[in-house]
Amino acid sequence: MNTSIRNDWTKEEVQAIYDQPLMALIYQAATVHRQWHEASEVQVCTLLSVKTGGCPEDCSYCGQAARYHTDIKVQALLPTETVLAHARKAKETGSSRFCMAAAWREVRDNRDFDRVIEMVKGVNELGLEVCCTLGMLTEEQAIRLQDAGLYAYNHNLDTSEQYYDEIISTRTFDNRINTINNVRKAGITVCSGGIIGLGETDRDRISMLLTLATMPKHPESVPVNALARIKGTPLEHNPKVDIWEMVRMIATARIIMPTAVVRLSAGRIEMTEPEQAWCFMAGANSIFTGERETLLVTPNPGVSEDMAMFQTLGLKPMAKREKVKTCPTT
Ligand code: SAM
Ligand code: DTB
Ligand code: SF4
């Protein structure tokens with residue numbers, strides 16, 4: 001088996017991996033996982049929505065877009081001290097990574113961004129890997145975040161380039177790539193993945209994975225989200241994502257991006273423990289959890305439930321990693 005890191009995958013190769021009989025695919029992914037990672041370790045991340053709802057974008061899966069009539073309560077940017085209190089709690093309950101999300105189209109150079117910079121500094125000082133997801137970012141803004149101690153920036157492709165316009169009209173796939181490039185140039189690690197269950201085809205899923213796996217440097221984190229169906233959004237009546245589709249996606253990501261941390265992100269609340277175990281076997285090694293039992297605006301298993309699951313499965317939380325300098329700023 002070829003275990004090198006490759007950035008020259010072809011569509012045909014990725015398709016052949018993805019289309020394998022499921023058991024063969026899982027076995028290959030589990031093997032690659034063990035070559036590159038300590039398979040008993042799963043990264044435990046806490047996600048906090050620091051600014052909720054009222055977003056001008058039209059992402060058709062999202063409960064926070066102002067234009068859809070959802071039940072979500074709009075919340076302005078939280079006070080820094082509130083955010084830091086959540087981060088302390090996250091550390092106490094075993095998280096090594098803390099991700100702050102804002103329902104913004106893009107970062108603006110205003111007082112709110114200054115406050116986010118303070119939050120990043122504060123969380124970093126607590127000794128957590130600090131991550132943000134704030135929408136589009138310029139290179140200068142990325143550099144400010146890096147200077148404040150940001151470890152990772154989450155910016156998902158969401159879906160394939162071909163299907164993108166069906167899901168979002170207020171920005172382009174190229175805008176997404178551009179922000180990811182700005183994050184890279186600033187030397188922040190990249191967290192980028194997508195969502196399944198949007199109505200896309202297998203071909204779209206393969207195309208999205210191919211875009212990630214042919215980047216000059218693979219994202220250090222790849223979140224795989226199952227659509228959380230939110231009342232009032234255009235996709236609220238989409239069918240639930242089948243567990244084996246999630247497993248197939250995770251396994252393919254694991255094989256073609258062997259060093260990445262693959263995150264089993266949205267969708268866990270609708271999965272049984274054995275179903276989640278298949279995702280870990282297929283190479284997932286990160287989850288979102290926490291005391292609040294929510295992702296951003298939807299339910300998620302709580303940390304005590306997850307620690308009981310870890311106990312059953314013989315898994316343990318991954319320690320915080322030292323920040324590895326990524327690409328030079330060229
Ligand atoms: N507003 C910023 C942005 O869009 O980049 C940051 C936050 S946004 C909520 C982060 C990511 O969460 C989205 O790109 C999408 O991949 C994922 N996401 C949002 N709503 C979701 C849903 N209902 N189900 C699954 N994933 C979702
Ligand atoms: C990611 O890939 N998944 C997280 C995080 N990045 C920001 C968000 C999931 C949101 C799920 C639905 C919700 O609660 O809004
Ligand atoms: Fe706004 Fe992000 Fe939701 Fe899109 S995914 S509507 S940009 S909060």
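Is Glu293 buried, exposed or partly exposed? In this predicted model, Glu293 comes out as partly exposed, because its relative accessible area is 45% and the middle class runs between 20% and 50%. You'll find Glu293 in the loop that links β9 (286–289) to α11 (303–313). Its phi is near 55°, a positive value in a residue that isn't glycine.

Asp158 has a positive phi too, near 75°, and again this is not a glycine. Asp158 sits in the loop between β4 (152–154) and α6 (164–167). With a relative accessibility of 2%, Asp158 counts as buried.

Here are those two loop residues, along with a pair from helices:

| Residue | Place | Relative accessible area | Class |
|---|---|---|---|
| Asp158 | loop between β4 and α6 | 2% | buried |
| Glu293 | loop between β9 and α11 | 45% | partly exposed |
| Ala30 | helix α2 | 10% | buried |
| Glu275 | helix α10 | 22% | partly exposed |

Now for the helix pair. Ala30 belongs to helix α2 (residues 22–36), and its C-alpha is 7.9 Å from that of Ala251, although 221 residues separate the two in sequence. Glu275 is part of helix α10 (residues 273–281). Why does Glu275 get called partly exposed? Its relative accessible area is 22%, and buried would need a value under 20%. Setting aside neighbours up to four places off in sequence, Glu275 makes contact with Ile243 and Glu270. Trp244 lies 31 residues away from Glu275 along the chain, with 8.7 Å between their C-alphas.

On to the interior. The largest nonpolar core takes in 92 residues, and the ones with the most contacts inside it are Tyr61, Met100, Leu145, Tyr153 and Met246. Helix α9 (residues 243–256) is its biggest contributor, supplying nine residues. There's also a second, separate core of 10 residues, with Cys99, Ala101, Phe288 and Leu295 among them.

Tyr61 is worth following further. Beyond its sequence neighbours up to four places away, Tyr61 touches a list of residues including Asp158, Ile167, Ile168, Arg171, Leu227 and Leu235. So what else surrounds ligand 3, besides Tyr61? The rest of the shell is Cys55, Glu57, Cys59, Cys62, Ala65, Ala103, Trp104 and Arg171. Sorted by class, the shell has seven nonpolar residues, two charged ones and no polar ones. The space that ligand 3 takes up is the largest cavity.

How values were computed. Residues are numbered from 1 along each chain as its sequence is written. Chains are lettered from A and ligands numbered from 1 in the order in which they are written. This is a predicted model: local features need pLDDT of at least 70, side-chain atom pairs count only at pLDDT 80 or more; totals for chains, interfaces and linings use all residues. Side-chain values use heavy atoms; hydrogens and water are left out. A nonpolar core is a set of buried Ala, Val, Leu, Ile, Met, Phe, Trp, Tyr and Cys residues joined through side-chain atoms within 4.5 Å. Buried means under 20% relative accessible area, exposed over 50%, partly exposed in between (1.4 Å probe, protein chains only). Helices (H or I, at least four residues) and strands (E, at least two) are DSSP runs, numbered from the N terminus. Contact means heavy atoms within 4.5 Å. A residue is near a molecule or strand if one of its heavy atoms lies within 4 Å of it. On a 1 Å grid over the protein atoms alone, a cavity is a set of points where a 1.4 Å probe fits but cannot get out, and a pocket is an open set with protein on both sides within 12 Å along at least five of seven lines; lining residues have an atom within 4 Å of a point. A molecule sits in a cavity or pocket if more than half of its atoms lie within 2 Å of its grid points. Ala, Val, Leu, Ile, Met, Phe, Trp, Tyr, Cys and Pro count as nonpolar, Asp, Glu, Lys and Arg as charged, and the others, Gly among them, as polar.
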